[in-house]
Amino acid sequence: MPSSVIRRWDYDEAEQRLDVTFVSGKRYAYHQVPERIAAGMRKAISKGSYFNRRIRDHFASTQLTP
């Protein structure tokens with residue numbers, strides 16, 4: 001299901017990094033994200049809600065250049 005907040009996301013299991021591109025165009029890398037959290041994101045009906053509950057403010061992040 002498309003998200004009104006998240007345009008796309010990708011998970012690098014080896015790095016445990018979740019890269020998120022928001023509808024606004026801003027991009028962030030979330031660090032040390034366990035695979036089980038990424039799997040939950042994959043399965044979530046609402047990616048934005050899952051992100052807000054389980055990822056935002058729970059993992060260190062770095063803003064990526066556009």
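Reader: Where should I start with the charges of this chain: how far apart are the mean positions of the positive and negative ones?

Author: The idea is to average the places of each sign and compare the two averages. In this predicted model, the chain has 12 positive and 7 negative charges, and their mean positions lie 9 Å apart.

Reader: And the fold itself? Which pattern does the chain follow along the sequence?

Author: List the helices and strands in order, then look at the overall dimensions. Here there are two helices and four strands, and reading along the sequence gives β-β-β-α-α-β. The radius of gyration is 11 Å, close to the 11 Å from the globule rule for 66 residues, so the chain is as compact as a globular protein of that length. As for extent, the C-alpha trace spans about 25 × 25 × 20 Å along its principal axes.

Reader: How do I read surface and interior for the whole chain?

Author: Take the exposed area, then the share of buried residues. The chain exposes about 4,500 Å², with carbon and sulfur atoms supplying 47% of that area. Of the 66 residues, 33% are buried. You can also ask how far contacts reach along the sequence: among those between residues at least 6 apart, 40% join residues at least 24 apart.

Reader: Let's zoom in. Is Tyr 11 buried or exposed?

Author: Compare its relative accessibility with the cut-off: buried means under 20%. Tyr 11 has 13%, so this residue counts as buried. You'll find Tyr 11 in strand β1, residues 6-12.

Reader: What does the side chain of Tyr 11 reach at Glu 35?

Author: For a polar side chain, look for N and O partners. The side chain of Tyr 11 reaches the backbone nitrogen of Glu 35 at 3.2 Å. A polar atom of that side chain also lies 2.6 Å from the backbone oxygen of Val 33. Both partners turn up in the contact list of Tyr 11, which leaves out residues up to four places away in sequence and also has Gln 16, Arg 17, Leu 18, Pro 34 and Ala 38. For a distance in space, take Phe 22: 11 residues from Tyr 11 in sequence, with 15 Å between the C-alpha atoms.

Reader: Ala 38 sits in a helix, then. Which residues of α1 are buried?

Author: With a helix, pick out the buried residues and see what they pack against. Helix α1 covers residues 35-43, and its buried residues are Ile 37, Ala 38, Ala 39, Gly 40 and Met 41. They pack against β1 and against α2, residues 47-54.

Reader: Why does Lys 47 count as buried?

Author: Same test, charged residue or not. Lys 47 counts as buried because its relative accessibility is 14%, and buried means under 20%. Lys 47 lies in helix α2. Beyond its neighbours within four places in sequence, Lys 47 is in contact with Ser 3, Ile 6, Trp 9, Met 41 and Arg 42. Take Ile 6: 41 residues from Lys 47 along the chain, yet the C-alpha atoms are separated by 7.1 Å.

Reader: What about an acidic residue: where is Asp 19 placed, and which side chain does it join in a polar contact?

Author: Go from location to burial to partners. Asp 19 is in strand β2, residues 17-22, and is buried at a relative accessible area of 18%. Its side chain joins that of Arg 17 in a polar contact of 2.9 Å. Setting aside residues up to four places away in sequence, Asp 19 touches Arg 8, Trp 9, Asp 10, Tyr 28, Ala 29 and Leu 64.

Technical notes:
Residues are numbered from 1 along each chain as its sequence is written. This is a predicted model: local features need pLDDT of at least 70, side-chain atom pairs count only at pLDDT 80 or more; totals for chains, interfaces and linings use all residues. Side-chain values use heavy atoms; hydrogens and water are left out. Buried means under 20% relative accessible area, exposed over 50%, partly exposed in between (1.4 Å probe, protein chains only). Contact means heavy atoms within 4.5 Å. A polar contact is a pair of N or O atoms within 3.5 Å; within protein, one must be able to donate a hydrogen and the other to accept it, and residues adjacent in sequence count only if both atoms are side-chain atoms. The radius of gyration is taken over C-alpha atoms; the globule rule is 2.2 Å times the number of residues to the power 0.38. Accessible areas come from the Shrake-Rupley method with a 1.4 Å probe; for residues, only the protein chains shown count as cover. Lys and Arg count as positive and Asp and Glu as negative; His and the chain ends are not counted. The place of a charge is taken as NZ of Lys, CZ of Arg, CG of Asp or CD of Glu.
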